[in-house]
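User: I am new to this structure and would love a guided close look at how the helices of one chain pack against each other. Could you then place that part in its wider setting?

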Amino acid sequence: MDYCPHTPDDIKQMQAAIGVAGIDELFADIPKKFRLKQIPDIPSALSEQETVSVMSDLARKNKLPQLTLTGAGAYHHFIPAVVGHIVGRAEFYTAYTPYQAEISQGILQAIYEYQTMIAHLTGTEIANASMYDGASAMIEAAVLCAKMSGKTKIIVARSVHPEYRQVLQTYCWANGYTVVELAYMPSGQIDLNALQNELDDQVAAVLVQSPNFFGVIEDIAPVVDDVHKKGALLVAGFTDGTSLGILQPAGAAGADFVVGEGQSFGNPLNYGGPYLGIFAAREKFMRRIPGRLVGATKDKKGRRGFVLTLQTREQHIRREKATSNICSNEALCALAASVYLAALGKNLRKLAELNIYKTQYLKNKLLQLAGWQEVFPAPVYNEIVLRCPDSKKVNEKLKNEGIIGGYELQKDYPELENSLLFCATEMVSKTGIDRVVEIIK
Amino acid sequence: MELIFEISKPGRSAADISESDVPVFNIEDAIGKKYLRNDLDLPEVAEIDLIRHFTNLSRRNFGIDLGFYPLGSCTMKYNPKVNENIAAMPGFTGLHPYVDVESAQGNLQLIYEMQKYLCGIFGMAEFTLQPAAGAHGELTGIMMIKKYFEKKGRKRRVILIPDAAHGTNPASGALCGFDTVELRSNSEGGVDIEHLQSLMTEDVAALMLTNPNTLGLFERNIEKVAQIIHDKGGLLYGDGANANAFMGKTRPGDLGFDVIQLNLHKTFSTPHGGGGPGSGPVGVGKALIDFLPVPRIFKTGDKYSWSEKFPDTIGRVRSFYGNFNVIVKAYAYIRSLGAEGLKRATEMAVLNANYIKEKLKPYYDLSYNRGCMHECVFSGKRQVAENGVHTTDIAKMLIDYGYHPPTIYFPLIVPEAIMIEPTETESKETLDTFCEAMIAIAREAKENPDGVKNAPLTTPVTRLDEVLAARKPDVCWKKT
């Protein structure tokens, strides 16, 4: 199936109109020696039915778990039916970036509503239309801090998602910035004394996450104070977005940028993507932030309408002077987030509470097992680190029963031997948890 | 239309939450009051009102499924429905990225084979699917070039970029610490070879070339260009945004490109989603394989796995493995079309663009009068000079005729540019009626220029005040 509607007669007529005798004449500019006869390594065309069959076979090769106890940056949440029905509307998903505002009011208004909800949730004044993922949101904020200040040192807490720190290393190497990692305390929160020692006048930004990668909630206010005193900016991330339903957002504590993964809001796990990077900031950075931004304005008749605005920030116009090369956002994922948040409304808090209850139940049950300990005493949201006698054996046992166990922390944190990062969202039932404990026993 | 906040009423909700089946407790005591928020000012709407709100918003949006969308450089081809169904299969949507590889063999096989297919189509040695968008792929490609010279111990400072290039090209170069130097186009819209020769030194890391370029013209001197770059030890970077012009007809790897980034959401028909998600795979020749981002996928016997053990890698550019679910759709597209279908897609795309070019040539000025590839670029300068009607006006009037306008005012080197990319999925009838509309607008520009300047009249809002939006930015709604 090739989706080209032309009949042989259409092609003949069109060739005649152009004045060529055959299709190959249209490719005359390609030097002869480089013309390809046949693409190698591609199987023959399939009918629609065959395509579905081939793809179903591939999908079936994956083993869907009965229960997922891993979060670690991607979270299994229930998605209300309304989300799929709205993002499945072709008016939205078959559109391009809203360059022509008059026929793109739908997505523009939806993004404006998204920006508003995100600014509120994060305790800031503004949010952009989204970035690629949580990592890109955090790294773009860090790079912006460096570009704005002319300083080249970035401090990142070791309790920030390991993959985010890896992406940070890549971008900082490319830009010639230095990255310093900040230790965590036995409580699981960042070490303020270590922060004081590292903060000097070359620091552009300090990057933390709350809840952090260990699930631990950070006390952001004193961090903000220390960072600002030294003339640096605070970029505060979060792990599971649903935590914003109940936790004090970092923006309310004074963070300059609040960034994080928005997948939890109505987007499936999708083996890691597409997700959306939430990027929110203080109002004073509005003219500097990367990514797209939708603004409200008026039409000639005075009616409210929406446009992509402040595009002089963007690479289209500033080219080599731009502070970011980001063009597209994750508009459809942001739309899903918008519908999700609007559907839940104040129930987002109830959902967050449920996540807390489930996680505490999981913790209490597992701690009844011989040799299990809680690693960090600080308060957590829906993830918790537990040390057990043999973490590999635990995950192996669970896997054999179709359950994804905890995330093994040792590969990123050698000091955290036999420590598993567990996550219990609303998708994990009491029965499920009880079964997990039985299996591990 | 009202905002979702304006239809909000306390006490309503469109999603309920299950009662807890585990013991509940006082969260304030457990976590600490200082960590909790007091406010949660999200909209409160009933399900029916939520659905009507977003459905009505969708009616104020234009997608390919509603009509012709000849947005140049964006390759707005039809997005086959079957690929949406496939991508929604629970086997593809349901896996956590940290699931053990044994449970994800279907996904890994798909990623592995997709990389292999792209290598075959573009003549590259290896691909990474990690970048989330075209611009992200560009940055990844430039990072690899930087690493390549670092590894050789020869720091190079400059990236050459043609004046017709996408704006992301200079931005990507600058973000990796390179100085970008502009390369002129010649009178045929191609690379000015003499200028290239004068700029090419051993301080130049790479030339970022889009071929065909943003004028829709194939670089006839590509062999010479590649030779000039390579003779001085430089690398040739290919912006694959225009891959729909040559897929199946020639291969960047054969033309001398060392790195190329693609846009699966353009060439491989995955929907653009109103501005994403996209996917921006990067292909490299043998010289750059070691620098690819990690993790990379491997096949041993029948088993697929991830590996991070590559000392020279640039590192990671995104969390997890990229926009996987977008890749699923592109993979299904390649399997549906097969080698012949992909080639035919290119042929029909180029046929359609040349057809439009010929039909509109008498009415609008062509920027360069030669055979185009998958898109053609006109200039509206005649309409400006004769009638004071600008390209914006023409674009807005096309909306009233039921079309999404072409890309306008790009490339920057063409005054009043109108960049039309019809793609292969449009019928002759669609092209004919579109051309009739363009011709009618050219006539109206002469007879009733004010009418054209007032367009569009059929949309929920007329032209919007962009100056006001930028001068007094209102990017978040506030309760009044």
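Analyst: Here is a walk through the helix pairs of chain A, followed by its domains, its partner chain and a few backbone details. Please keep in mind that this is a predicted model.

Let us begin with a word on the description itself. Two packed helices are described by the angle between their axes and the distance between the axes. With that in hand, we can visit three pairs in turn.

The pair to look at closely is H5(A) and H11(A). Helix H5 covers residues 105-122 of chain A, and helix H11 covers residues 331-344 of chain A. Their axes lie 9 Å apart and meet at an angle of about 60 degrees. That angle makes H5(A) oblique to H11(A), and the crossing of the two is left-handed. From H5(A), the residues in the contact are Ile107(A), Ala110(A), Ile111(A), Glu113(A), Tyr114(A) and Met117(A). From H11(A), they are Ala331(A), Ala334(A), Leu335(A), Ala337(A), Ser338(A) and Leu341(A). Sorted by class, the contact of H5(A) with H11(A) holds 10 nonpolar residues, 1 polar and 1 charged.

Next come helix H6 (residues 134-149) and helix H7 (residues 162-175) of chain A, packed at an angle of about 35 degrees with their axes 9 Å apart. The crossing of H6(A) and H7(A) is right-handed. On the H6(A) side you will find Gly134(A), Ala135(A), Met138(A), Ile139(A), Ala142(A), Val143(A) and Ala146(A). They meet Glu163(A), Tyr164(A), Val167(A), Leu168(A), Tyr171(A) and Asn175(A) of H7(A). The contact of H6(A) with H7(A) has 10 nonpolar, 2 polar and 1 charged residues.

The third pair is H13(A), residues 391-400, with H14(A), residues 430-440. Here the angle is about 120 degrees and the axes are 9 Å apart. H13(A) and H14(A) are therefore oblique to each other, and H13(A) passes H14(A) in a right-handed crossing. Val394(A), Lys397(A) and Leu398(A) of H13(A) touch Val436(A), Ile439(A) and Ile440(A) of H14(A). The class count for the contact of H13(A) with H14(A) is 5 nonpolar, no polar and 1 charged.

Now let us step back to the chain as a whole. Chain A is divided into domain 1 (8-61), domain 2 (67-77 + 346-440) and domain 3 (81-344). The centres of domain 1 and domain 3 of chain A, taken over C-alpha atoms, are separated by 41 Å.

Chain A also touches chain B, in a contact that takes 164 residues from chain A and 170 residues from chain B. On the side of chain A that touches chain B, the residues divide into 87 nonpolar, 44 polar and 33 charged.

Chain B has its own division: domain 1 (1-9 + 19-60), domain 2 (82-336) and domain 3 (347-466). The C-alpha centres of domain 1 and domain 3 of chain B lie 45 Å apart.

There is a sheet to find in chain B as well. It is an open sheet of 7 strands in the order S1-S7-S6-S5-S4-S2-S3, with mixed pairing. Strand S1 (126-128) and strand S3 (179-183) of chain B each have a single partner strand, so one side of each is left without a neighbour in the sheet. From one strand to the next, the twist averages 20 degrees. Within this chain, S5(B), residues 235-239, and S6(B), residues 259-261, run parallel and are joined by 3 bridges. Gly238(B) has Ile260(B) in S6(B) as its bridge partner. Helix H6 (residues 134-152) of chain B lies across strand S4 (204-210), S5, S6 and strand S7 (282-284), and runs at about 165 degrees to S6(B).

A few backbone details round off the tour. Most residues other than glycine have a negative phi, and most peptide bonds are trans. In chain A, a cis peptide bond joins Ser210(A) and Pro211(A), with omega about 0 degrees. Pro211(A) sits in the loop between strand S5 (203-209) and helix H9 (220-229) of chain A. In chain B, Phe410(B) and Pro411(B) are joined by a cis peptide bond, with omega about 0 degrees. Pro411(B) belongs to the loop between strand S12 (407-408) and strand S13 (417-420) of chain B. Ser269(B), a residue other than glycine, has a positive phi near 65 degrees. Look for Ser269(B) in the loop between helix H11 (264-267) and S7 of chain B.

Technical notes:
Residues are numbered from 1 along each chain as its sequence is written. Chains are lettered from A and ligands numbered from 1 in the order in which they are written. This is a predicted model: local features need pLDDT of at least 70, side-chain atom pairs count only at pLDDT 80 or more; totals for chains, interfaces and linings use all residues. Axes are lines fitted to C-alpha atoms, for helices over the stretch in contact, and angles run from 0 to 180 degrees between N-to-C directions. Helices (H or I, at least four residues) and strands (E, at least two) are DSSP runs, numbered from the N terminus. Angles under 35 degrees count as roughly parallel, over 145 as roughly antiparallel, 65 to 115 as roughly perpendicular and the rest as oblique. A crossing is left-handed if the near helix is turned anticlockwise from the far one by less than a right angle, and right-handed if clockwise. Two residues are in contact if their C-beta atoms, placed from the backbone, lie within 7 Å. Ala, Val, Leu, Ile, Met, Phe, Trp, Tyr, Cys and Pro count as nonpolar, Asp, Glu, Lys and Arg as charged, and the others, Gly among them, as polar. Domain bounds come from an automatic or database domain assignment. Two strands pair if DSSP finds at least two bridges between them.
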